[in-house]
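Colleague: I'm new to this structure and would love a close look at one part of it. Could you take me through it step by step?

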Amino acid sequence: MAPLKSLEELYPFIDSNFLTFCASHGIFTVEDFLIHDLYVLAAFAEQQPASEKLKQGITQILSIIDVTERQPWLNGLELLEDARENKHILSIGFERVDVLLGGGLREGQLTEIVGPSSSGKTQVCLRAASNVAKNYNAEVFYVDTGNSFSPQRISGFVNWKPGTALDWTCKGDRRVQFLIIDSISSLITPILGGSSSQGHALMISAGTLLKKIAHEHNIAVLVTNHTVGGDRGTSKPALGESWKSVPHVRLQLSRDAGSNVYQASILKHSSMASGTAARFVMYE
């Protein structure tokens, strides 16, 4: 969709003040609105001197989206029916983590796994990929951005026998149900440097695209993200404040030093309380 700047001459409420307000919330394109809570955005607008004009601008953007997409807005019952009929839950193969997530990864949603190096992010991705391919007769797309994909490691999950070939080709009778990007931060971090807002706009657009793919094609999307240093020596997810509103679900992984015991904690979930955690064992 179009950058907001390109709409300034066509729509009276989309002026420089409105563009500045949107930019302060990481919104640079019409598409960016689709990943923001509009009620929260309107509440922020209420606090501004030109609140009425800002809210009129938000309404104008919504009308542009409605015309461009030419799709009726779904009400809660329609969304629930779509979730029940088309958005299945996929087990990742770790029972306690599945329970923590309410059954597993839901098709139509973007789930993010956050953690430092050696916290088990890639291992969980490999296990989930093999589990979905094997138990759901599904195609899995695995995008490895860090050169960490290991056929030998994943073969252990699918009972591969030495001397036989692992088949990674797509089959005509199976649909793609699972997309993994390990890691999303390796792709996005290089474009975030400097003071330019272009990198953040591209990051939000990438997240929006992944959510659109997940929803329209009923695919579960799983991405990994590393951690960086935060305040007072604590760590926090990379990619900043703008990114944290993008995933539907955020799961943080950690590992007990010198052991195979890991902990998964909910950072963000639509139906699970933040901070809810589960411990599980995972072998290399």
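Colleague: To start, is C22 buried or exposed?

Modeller: Happy to help! This is a predicted model, in which local features need pLDDT of at least 70 and side-chain atom pairs count only at pLDDT 80 or more, while totals for chains, interfaces and linings use all residues. Residues are numbered from 1 along each chain as its sequence is written, and side-chain values use heavy atoms, leaving out hydrogens and water.

C22 is buried, at 0% relative accessible area (buried means under 20%, exposed over 50%, partly exposed in between, with a 1.4 Å probe and protein chains only). C125 is likewise buried, also with a value of 0%. The count of disulfides is zero (a disulfide being a pair of cysteine sulfur atoms within 2.5 Å).

Now to strand 3, residues 110-114 (strands are DSSP runs of E, at least two residues, and helices runs of H or I, at least four, numbered from the N terminus). Five of its five residues are buried. In a regular strand, side chains alternate between the two faces of the sheet. In strand 3, L110, E112 and V114 lie on one side and T111 and I113 on the other, and both faces are covered.

Strand 3 pairs in parallel with strand 6, residues 220-225, over five bridges (pairing needs at least two DSSP bridges). Strand 9, residues 249-255, also runs parallel to strand 3, joined by four bridges. T111 has a bridge partner in each: L222 in strand 6 and V249 in strand 9.
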